[in-house]
Every structure is written in C-alpha cells, then in structure tokens.
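Dear colleague,

Please find below the structure for your review, with the sequence alongside. A summary of the findings follows it.

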Amino acid sequence: MAREPGARKPARRVRGGADGKVSYLVVKVQSDRQLAGSLLYFATFSTGKAIDNPRFFRKEEKALATAQRKKSKAQPRTKKIRKLARRVARIHERIKWRRNDFCHQHSRRVVRHFDLVAVEDLNVKGMVQNHKLAKSISDAAWTAFRSMLACKAAEAGKRYIAVNPAFTSQTCNNCGWRPPDKLTLSDRWFSCRNCGLSLDRDHNAALNILSLGLQALGQCTIEATRL
C-alpha cells in the first residue's frame, strides 16, 4: 500500500445549507476515509484506492492439506505423528501471524493519516453462513481489522464509526438511484441510469458509507476527491 500524503492536504469542497450549494472551501483539512470490504479486495477507500486481498490461508492451503493428510495416515502415539502435528500447528501459526501483522500495519496507516474512519457494520457471522464464501470471508479477517481500527483510533484520539451497510453498494452516491434488479456479487461496476455516474461498485459503496458516517456525526457532506 502506497504511503499517503501527510503534511499537505488537498482542498475539499464542503456543502452547507439545505440547498446543497458550496458555501466555502476547507484547505488542508484532515481527510476522511471509509473502508468497504470485498472478496476481490481486502478494503476499498472512498478515495478510490484499494488494498489487495492477501489471501493468506489460500496461499498455505496446499501445504496445510498435505501436512494434515500425512498426519492422518501416521500411526497414533508415535514420534512421527507428533512431528507432523507440530508441522500442522506451525502452518496455522504462520497464517495467523501474517494475517495479524497485515491488519496491524494497514490499520496503523489508516489511523495515522486520517481523523475519521467509517466502516460497514458487517454481520460477519451471518456472512460466513454462505458456504461458497465462508472460507474467503474468514481468511479476510475483517472483524480483526475493524477491531484494530477501533482500538488504534481511540488511542490516537481519532474518530471511528460503523454504519449500517444496507444498500450501500446498490445506491448511486451521486443521486440516490437504485437499480430495479439488485446487483449480484459478480457485478463489479456500478452504472447509474438516472445521472450517468459510472464507477467501481466498491468505490461507490465506500462513498456512500463515508456520507453515512458524516451524517451520523452531524457533519456536512464532503465531496470525494482522489488523493
């Protein structure tokens, strides 16, 4: 993940008033960042940038299956099976360590550069009931990442908020239009038939969640710009 600019911040247009017109400009404002989880990417930001999904378990799955298969064929209560059990445990420990290190590094970067972090309040336990996606969702470790974001934000005096994820990927961030036919997970691009907005599905969701986070805090809407 590329290092974000820290000292110099871009100008942001701030909407104020019921008419939604631009009332003033804020310069060098601390940027607000939102994360939208996906299986294609680990997280997508409201700036349009994304973190690739590392898939730590998937990368070790073959080695783990081989070790577990050998262990299942070994004679019980022997030196060999104890050695194989330690090998299986090491693979699990390596996956866990890499996943935690990844979450710590990226959560630290987010909190270091942004004053407000808004995330989807995902029901991960419910999502893993989908057997086709359960392994990928568990491997992504979204719950651990969110917990680290919340803790680091509190320690740094930053703001963290989890918003309702309902319809965030189904609603146009520009005009509020929703497609009559619900988008499926295979639909990766959002195209609005009302205002013509066309952008990545996760980026659109990220912008929606940022807006919800700002509304929940009673702030005015900030137009998204790429950093």
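Of the contacts in the chain between residues at least 6 apart in sequence, 61% join residues at least 24 apart. Please note that this is a predicted model. The chain contains six helices and nine strands, and 38% of its 227 residues are buried. About 13400 Å² of the chain is exposed, with carbon and sulfur atoms supplying 51% of that area.

Regarding the interior, the largest nonpolar core comprises 27 residues. Within this core, the residues with the most contacts are Phe42, Ile51, Phe102, Cys103, Trp142 and Leu149. Two or more core residues are given by each of strand S4 (41–45), helix H1 (56–73), helix H2 (79–113), strand S6 (116–120), helix H4 (134–140) and helix H5 (142–156). H2 provides the largest share, with seven residues. Another core, of seven residues, lies apart from this one and includes Ala118, Ile161, Val163 and Leu214.

How do H1 and H2 lie relative to one another? Their axes come within 9 Å and cross at roughly 170°. Because angles over 145 degrees count as roughly antiparallel, H1 is roughly antiparallel to H2. On the H1 side, the residues making the contact include Phe56, Phe57, Ala63 and Leu64; on the H2 side, they include Ile81, Leu84, Val88, Ile91 and Phe102. By class, the contact of H1 with H2 has 12 nonpolar, two polar and seven charged residues. Among those making the contact are Glu60, Lys70 and Lys71 of H1 and Arg87, Arg94, Arg98 and Arg99 of H2.

Yours sincerely

Definitions and conventions. Residues are numbered from 1 along each chain as its sequence is written. This is a predicted model: local features need pLDDT of at least 70, side-chain atom pairs count only at pLDDT 80 or more; totals for chains, interfaces and linings use all residues. Side-chain values use heavy atoms; hydrogens and water are left out. A nonpolar core is a set of buried Ala, Val, Leu, Ile, Met, Phe, Trp, Tyr and Cys residues joined through side-chain atoms within 4.5 Å. Buried means under 20% relative accessible area, exposed over 50%, partly exposed in between (1.4 Å probe, protein chains only). Helices (H or I, at least four residues) and strands (E, at least two) are DSSP runs, numbered from the N terminus. Contact means heavy atoms within 4.5 Å. Accessible areas come from the Shrake-Rupley method with a 1.4 Å probe; for residues, only the protein chains shown count as cover. Axes are lines fitted to C-alpha atoms, for helices over the stretch in contact, and angles run from 0 to 180 degrees between N-to-C directions. Angles under 35 degrees count as roughly parallel, over 145 as roughly antiparallel, 65 to 115 as roughly perpendicular and the rest as oblique. Ala, Val, Leu, Ile, Met, Phe, Trp, Tyr, Cys and Pro count as nonpolar, Asp, Glu, Lys and Arg as charged, and the others, Gly among them, as polar.
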